[in-house]
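Biologist: I'd like to go through this one slowly. Can you show it to me and explain the words as we go?

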Amino acid sequence: MNDTQLPIWEVFHQEKRGASHVHVGAVHASDEEMALQMAKEQFARRQECVSLWVVREEHVVKTNYDVPFFFARNTDKEYREVYGFPAPLKGKHRE
Amino acid sequence: MDVRERTYEEKITEFEARIARGEKIEPGDWMPDEYRKQLIRMIGQHAHSEIVGMLPEGKWIPHAPGFRRKLTLIAKVQDEAGHGQLLYRAAETLGKSREEMLEELLEGKAKYSNVFNYPTPTWADVGMIGWLVDGAAVVNQRMIAKSSYGPYARAMKRICFEESFHIKQGQDLLIKMVYGTEEQKQMAQDALNRWWHPTLMMLGMPDSDSPHLEKLKRWGVKVKTNDELRQEFIDLVVPQLKSVGLNPPDDNLYYDEKTGHWHFTEPDYNELKRVIKGDGPCNKERMEARRKAHEEGRWVRQALAVAKHKREAPAV
């Protein structure tokens, strides 16, 4: 029986209410209950924590580092940025 | 779009350029086989060292002087188990399973840090492991936190944070002994005498005897050399020890005004080679204890390996 491997779960940690869940690492566990327990022991032993998420590693859909054009900004998209709109306000603050 | 397969030359140029720019390598990136191999070796040995490292101190848990010291030691040993797991997971991202690594350790095929093959006959040894061994480990691990492989560097940040607690509890324990009875002070000095050389060896073979050094530095696996790390550790720890009246066992230890570094006597690296290869004072004892723990924990692992949906009777 394979008892030293177990499935891998990615762990997401929320430090306080209002913060985002942040990926902190992974644990090995046979089911959800054990995964949460292991995640608590491994990642919330000292650090503040109000919520943990665990997700089976194979359920995480990933982009490939080898395909940089997926994120490339080939065309001029300055209209998506603050700097694309330079018209100044005529300032009553100057008076 | 150019879809032709890139040549090895193109791949390695891109890989080395990425590292030279200070970018991290992530799982799934192309990497030279030698880079992968060296990292699996380093991370695996690092993980095994955390696991075996629980043993010399774990032995003192039942004998700790007082409840707070006992709780502290349990917490420290639990941290080491946690570090081992973080590191096994980092190595897994390079394609070697935790199961394979654990088997290699149990079969005696895997190497781990020399320092854990030395005995811990007195309570002062627990403090010395924290102050010296964890102190040297942090110097090394801070460097790894800046190394080029993303998952290893990330694991190190978390581990270094916890190691600082390990160092402080060791210093606290020893400082109280040093200001205790004459016998306690002597016990602390004896522990320093025994741990000094093994700790200096722990930072690895001298640069003159490190054949892969140039490549490991170019690939950002190592950001500093073993000799640089050893000097950094000496410069850090010698003033700390001397400030409480503890003296490292080295007659040629002095502060060199010209270089701004402490001059020290190199340890016997032949002893390091022997201990790493299995011939240290406690190698056999450590491996036996590890195998015994593995066997005695089997029923727990087997119970945990059964997923919940298989444990519970299906609803009728």
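Modeller: Sure, starting with burial: of the 95 residues of chain A, 21% count as buried. Before we go on, this is a predicted model, where local features need pLDDT of at least 70 and side-chain atom pairs count only at pLDDT 80 or more, while totals for chains, interfaces and linings use all residues. Residues are numbered from 1 along each chain as its sequence is written, and chains are lettered from A and ligands numbered from 1 in the order in which they are written.

Biologist: What makes a residue count as buried or exposed?

Modeller: You count neighbours: with 20 or more other C-beta atoms within 10 Å of its own, a residue is buried, with 12 or fewer it is exposed, and in between it is partly exposed (C-beta atoms are placed from the backbone). In chain A, 21% of the 95 residues count as buried.

Biologist: How do you know which elements chain A has?

Modeller: They are DSSP runs, numbered from the N terminus: H or I of at least four residues for a helix, E of at least two for a strand. Chain A has one helix and three strands, running β-β-α-β from the N terminus.

Biologist: Why is chain A called more spread out than a compact globule?

Modeller: The globule rule is 2.2 Å times the number of residues to the power 0.38, and the radius of gyration is taken over C-alpha atoms. For 95 residues the rule gives 12 Å, but chain A has 22 Å, well over that, so the chain is more spread out. Its C-alpha trace spans about 75 × 35 × 15 Å along the principal axes.

Biologist: What makes β1(A) and β2(A) paired strands?

Modeller: Pairing needs at least two bridges found by DSSP. β1 (residues 8–14) of chain A is joined to β2(A) by six, so by that cut-off they pair, and they run antiparallel. For instance, V11(A) has G25(A) in β2(A) as its bridge partner.

Biologist: Why are β2 and β3 of chain A at the edges?

Modeller: The open sheet has the order β2-β1-β3 (chain A). β2 (22–28) and β3 (51–56) each have a single partner strand, so one side of each lacks a neighbour in the sheet.

Biologist: And how many residues of chain B are in contact with chain A?

Modeller: Contact means C-beta atoms, placed from the backbone, within 7 Å. By that test, 19 residues of chain B are in contact with 16 residues of chain A. Helix α12(B) gives the most to chain B's side, with five residues.

Conventions
Contact = placed C-beta atoms within 7 Å.
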